[in-house]
Amino acid sequence: MPILKVQKLRKSFGQTLVLDDISFSMEKGTALSIIGSSGSGKTTLLRCLNFLEQPDAGIIRVNDKTLLDAPLDRPSDFQRDIRLKRLHFGLVFQSFNLFPQYTALENVMLAEKLLAREKPGWRDQKAARVRKIEEHAKDLLADMGLQDRMNNYPHQLSGGQCQRVAIARALALDPDILCFDEPTSALDPELTGEVLRVIRGLAERNTTMIIVTHEMSFARDVADYVIFMDEGKICEEGTPAEVFGSPKQERTRQFLSRYAD
């Protein structure tokens, strides 16, 4: 059974069709890379999966549970239990989106603390629960190689360190699927390498991931499956060997040739 199944997902902004009947599925423990030119719909797809955008049509299922079946009867249906739906996905943004007033540790703890406050017994067990959340956050930051930067604020960290904090934050709530939206686009080449090494390590531990990236060699080497998007559609998909080694579509060959030059 696929961990994620997307069927005929559509999204328009005004008269512009951005996602045109997108359908795919992925298995638990696999890494899916989504490649394509800027404006092809990759980021919008991630935002729809994370319920940051409301799709016009389509179905999203995680672990055989339907999270979205659009079109909806009422616009308010999209908002129903939206926070619970988002817990299935962790999203790492292009530009980190860390809270500048919080330390690295506080940034990673924040979502789990907010969620814990809504559970029964928070007042009576607050101290114990906060200690547990803090230890979990420390473990995640240590796993990112940031054990000596936990009390630093974002402005005291390099771009690569900020992105690793963002990855730890996305992992804090133990999502079913971890999503990356061009996680190295804001980094220089040296810092890009350190973030890609972290993502490669997650892939080696069979973390279920969707990675939107312009790093073609990384997509080829790390992904179990690759989707090439063009003008809001899936133009080609397959294993890295199939998509990069022997693409069937001329549009795919044109796109990949630009990165080979």
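Here are some numbered notes on the structure above, which is a predicted model.

1. Let's start with the open sheet. This sheet has four strands, in the order β2-β1-β4-β5, and the pairing is antiparallel. At its edges sit β2 (16-26) and β5 (65-70), each of which pairs on one side only. Neighbouring strands here are turned by 15° against each other on average, if you ignore direction.

2. Now zoom in on one pair from that sheet. Strand β4 covers residues 57-62, and five bridges link β4 to β5 in the antiparallel sense. If you want a spot to look for on screen, try V62, which stands opposite K65 in β5.

3. Next, have a look at β3, which spans residues 31-36. How many residues of β3 are buried? Six of the six are, so β3 is largely enclosed by the rest of the structure. A31, S33 and I35 point one way from the strand, while L32, I34 and G36 point the other way. That pattern fits a general rule: in a regular strand, side chains alternate between the two faces of the sheet. Both sets of β3 residues are buried.

4. Which strands pair with β3? One partner is β8, which pairs with β3 in the parallel sense over four bridges. Another is β9 (residues 225-230), also parallel to β3, over five bridges. L32 is a handy residue to follow here: L32 stands opposite I210 in β8, and its bridge partner in β9 is Y225. A little further along, I34 stands opposite I227 in β9.

5. Stay with β9 for a moment. Five of its six residues are buried, so β9 too is largely enclosed by the rest of the structure. β9 also pairs with β10 (residues 233-238), this time antiparallel, through five bridges. In that pairing, M229 stands opposite I234 in β10. The two strands make a hairpin with two residues between them, and E231 in the turn has a positive phi of about 50°.

6. On to helix α1, residues 42-49. This helix is mostly covered, with six of its eight residues buried. The buried ones are K42, T44, L45, L46, C48 and L49. Just after the helix comes F51, which takes a positive phi of about 60°.

7. L45 deserves its own point. This residue sits in helix α1. Why does L45 count as buried? Its relative accessible area is 1%, and buried means under 20%. Leaving aside neighbours within four places in sequence, L45 is in contact with L9, L19, I22, F24, I34 and M229. Two of those names should ring a bell: I34 is one of the β3 residues in point 3, and M229 is the β9 residue opposite I234 in point 5. As for distances, L45 and L105 are 60 residues apart in sequence and 30 Å apart in space, going from C-alpha to C-alpha.

8. What about the nonpolar cores? The largest has 41 residues, and those with the most contacts inside it are L141, I167, F180 and M209. Plenty of elements chip in: those giving two or more residues are α3 (104-117), α4 (122-143), α5 (159-171), β7 (177-181), α6 (189-204), β8 (209-212) and α7 (216-222). There is also a second, separate core of 30 residues, which includes I3, I82, L91 and C179.

9. F180 is a good place to explore the largest core, as one of the residues with the most contacts inside it. Which residues does F180 touch, leaving aside its neighbours within four places in sequence? It is in contact with L46, V92, I167, I199, L202, M209, I210, I211 and V212. Notice L46 in that list; it is one of the buried residues of α1.

10. Last, a pair of helices. α3 and α5 pack at an angle of about 25°, and their axes are 8 Å apart. That angle makes α3 roughly parallel to α5, because angles under 35 degrees count as roughly parallel. Their crossing is right-handed. To find where they meet, look for A104, N107 and V108 in α3, which come up against V165, A168 and R169 in α5. The spacing of these residues recalls a general point: an α-helix has 3.6 residues a turn, so residues three or four places apart point the same way.

Notes
Residues numbered from 1 in each chain as written. Predicted model: local features only at pLDDT ≥ 70, side-chain atom pairs only at ≥ 80, totals over all residues. Heavy atoms only, no water. Pairing = 2+ DSSP bridges. Axes fitted to C-alpha atoms, helices over the stretch in contact; angles between N-to-C directions. Core = buried A, V, L, I, M, F, W, Y, C linked by side-chain atoms within 4.5 Å. Buried < 20%, exposed > 50% of the residue type's maximum accessible area, 1.4 Å probe, protein only. Contact = heavy atoms within 4.5 Å. Parallel < 35°, antiparallel > 145°, perpendicular 65-115°, else oblique. Left-handed = near helix turned anticlockwise from the far one by under 90°.
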